[in-house]
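Please find below my notes on the model you sent, set out as numbered points. They are best read with the coordinates open.

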Amino acid sequence: MPRLRIGIARFWHESNTFSSAPTCIEDFEKYQGGTLVGEAMLGDTGRRDEIAGFVEVLGARDVEIVPLVSAGALPSGLITKRAALHLESELRSQLEAAGRLDGICIAPHGAMSAEEIADFDGHLIQIARDHVGIDGVVVTALDCHAIATRRMFEASTAMVAYRTHPHVDVAPTGARAARLLMDALEGKTRPVMRMRRVPLIFPPPDDGANSGALKELFDLFTAWDERERVIGCSLCPAFAWQDVPEQGVCAIAVTDDDPDLAQQLADDLARRVWSVRDRVQPAPMISVPDAMRRAAEIDGFPVVITDSADTVGGGAPGDNSALLEDVLAHRASIDGLILAHLPDAPAVAALCDAKVGDVVSVDVGGKRDTRFCNPVSVTGKVLCVTEGPIADDFGAGTTPTTETGPIICLEIDNVRLVLTGRVIHGPQPSLYEKVGIEPFEAKVVTLKTGVGFRKAFAAVAAEVLRADCPGAESYELTRYEFEHVQRPIHPLDQDFDWEP
Ligand SMILES: [Zn+2]
């Protein structure tokens with residue numbers, strides 16, 4: 001028997017259809033060292049992603065690994081048609097060069113959407129399926145924030161998803177997918193998959209899947225691994241800020257040649273998610289002025305004020321100025337430093353000749369987010385001019401450092417506004433350390449993250465205040481006009497019941 005040939009590919013992007021910042025080819029090229037094709041994927045890339053997991057498992061077997069494409073971009077708005085065609089043609093040309101493949105391990109994010117191709121993940125998996133034919137094996141490794149679609153389901157032999165949020169099992173999920181694929185190719189198992197969509201969307205709970213109802217559910221289906229004939233179940237709580245027809249939480253079950261059991265498990269999991277639909281909805285937030293008043297009363301530091309509506313990790317533009325505008329207006333009420341960050345390439349470029357000590361005026365924010373805010377004019381003294389990279393304290397990416405481009409820190413009374421050339425998760429404590437500020441000694445730290453603040457700030461924060469700001473990732477889902485989502489869906493629609 002000839003040696004098995006297994007293709008591996010990864011495409012990573014979370015597409016927020018409410019964001020005014022589209023995702024272009026350049027965004028893929030500048031993310032974590034850019035797109036890798038062919039053998040470059042197998043070198044020392046420093047990435048702990050699904051590809052690392054695929055290689056770890058397949059490399060230990062007597063198979064030929066055929067590296068295809070690994071591309072990703074920071075979550076943002078819809079992928080442009082040009083970028084989508086570019087990614088598609090990279091995959092097609094690598095497949096053509098690869099020739100016969102017995103199987104493919106593919107890791108699309110699961111919540112990728114492109115102009116004119118709403119389900120871009122399904123589109124790419126279908127290309128992989130067409131290449132290996134119906135006898136080939138395609139195993140899909142997803143981010144659990146995937147919006148699992150019929151097309152993804154039909155093109156995949158099996159799908160598995162991350163079992164953690166924040167995601168700390170990215171490479172292990174790749175490894176699980178590769179083991180599943182090998183067992184199927186070697187005839188040890190006959191994977192069959194069933195899934196059940198739940199008419200429910202919700203923002204990620206504060207603590208991700210580390211506590212509460214989501215943790216109970218994740219623990220439950222993970223324990224099902226031990227049951228006879230179960231290969232693996234997944235729960236995709238989906239990504240709410242995408243206006244696509246198949247939006248919704250999805251339960252997925254893969255068994256060894258037992259379709260009835262797979263459907264029963266998917267339905268059981270789906271029913272359990274539906275039963276906790278109100279427990280997983282977010283707690284009410286407070287206005288920024290109220291948060292500033294509360295911060296002034298709190299006796300310790302740092303007080304974290306976080307704006308989840310502009311979470312970069314969820315595809316928001318990251319330069320929404322609403323939080324900063326309110327913070328500046330109420331800065332006098334705070335006795336101590338207030339830290340803020342905005343990614344703003346034009347502002348940084350405009351200040352490229354500024355020196356430490358200069359007093360400068362510049363419009364900041366509202367350039368990528370042209371939908372939910374406007375630029376804000378600020379005047380401040382330049383405290384520091386430097387550049388990245390910085391340490392990735394949030395562990396939000398799969399590499400140890402984050403590129404920031406040029407960094408400029410402005411002093412506006414007691415506010416320290418750090419501007420970066422590039423959009424980054426967070427911001428991260430390391431960003432402030434880079435400009436000589438000890439972030440944990442500030443009175444107020446403003447962040448733009450719904451969940452990620454926990455990793456670096458929750459343990460040291462005197463209090464975390466969740467601010468209700470306008471933006472592309474507001475937790476008030478009813479504020480958006482969803483045009484394509486199938487109705488009814490909770491919480492956009494309230495008065496209906498549901499059974500699998
Ligand atoms: Zn995710």
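The points below go from the whole chain to one helix pair and then to individual residues.

1. This is a predicted model, and the remarks that follow should be read with that in mind. The chain comprises 13 helices and 19 strands, and its radius of gyration of 23 Å is close to the 23 Å that the globule rule gives for 500 residues, so the chain is as compact as a globular protein of that length. The C-alpha trace spans about 75 × 50 × 40 Å along its principal axes.

2. Of the 500 residues of the chain, 56% count as buried. Among the contacts with a separation of 6 or more, 77% are between residues 24 or more positions apart.

3. Helix H2 (residues 50-58) deserves attention, because 7 of its 9 residues are buried and the helix is thus largely enclosed by the rest of the structure. The buried residues of H2 are Glu50, Ile51, Gly53, Phe54, Val55, Val57 and Leu58, a list in which Glu50 stands beside residues such as Phe54 and Leu58. The cover over these buried positions includes strand S1 (4-12), strand S3 (63-72), strand S4 (103-108) and strand S5 (137-142), together with helix H6.

4. The packing of H2 against H6 (residues 170-185) can be described in some detail: the axes are 6 Å apart and meet at an angle of about 40°, and the two helices are therefore oblique to each other. The crossing of H2 past H6 is right-handed. On the H2 side the contact is made by Glu50, Ile51, Ala52, Gly53, Phe54, Glu56, Val57 and Leu58, while H6 contributes Val170, Ala171, Pro172, Thr173, Gly174, Ala175, Ala177, Ala178, Arg179 and Met182. By class, the residues of this contact divide into 12 nonpolar, 3 polar and 3 charged.

5. Two cis peptide bonds should be checked by eye. One runs from histidine 165 to proline 166, with omega near 0°, and proline 166 is in the loop between strand S6 (158-161) and H6. Another joins histidine 490 and proline 491, where omega is about 5°; proline 491 is placed in the segment after strand S19 (463-467).

6. Positive phi values at residues other than glycine merit a similar look. Glutamine 32, which is not a glycine, has a positive phi of about 45°; this residue belongs to the loop between helix H1 (25-29) and strand S2 (36-37), and it counts as buried because 22 other C-beta atoms lie within 10 Å. Alanine 238 has a phi near 70°, again positive in a residue other than glycine. The loop that holds alanine 238 connects strand S8 (230-236) and strand S9 (249-256), and alanine 238 is buried, with 24 C-beta neighbours inside 10 Å.

7. Is glycine 314 buried or exposed? Glycine 314 belongs to the loop between strand S10 (303-307) and helix H10 (322-329), yet it has 28 C-beta neighbours inside 10 Å and therefore counts as buried, the cut-off being 20 or more. Leaving aside neighbours within four places in sequence, glycine 314 is in contact with Glu14, Asn16, Pro75, Trp241, Gly450 and Glu473. Phenylalanine 239 is 75 residues from glycine 314 in sequence, but their C-alpha atoms are 8.1 Å apart in space.

How values were computed. Residues numbered from 1 in each chain as written. Predicted model: local features only at pLDDT ≥ 70, side-chain atom pairs only at ≥ 80, totals over all residues. Axes fitted to C-alpha atoms, helices over the stretch in contact; angles between N-to-C directions. Helix = DSSP H or I, 4+ residues; strand = E, 2+ residues; numbered from the N terminus. Parallel < 35°, antiparallel > 145°, perpendicular 65-115°, else oblique. Left-handed = near helix turned anticlockwise from the far one by under 90°. Contact = placed C-beta atoms within 7 Å. Nonpolar A, V, L, I, M, F, W, Y, C, P; charged D, E, K, R; others polar. Rg over C-alpha atoms; globule rule 2.2 N^0.38 Å. Buried ≥ 20, exposed ≤ 12 C-beta atoms within 10 Å, placed from the backbone.
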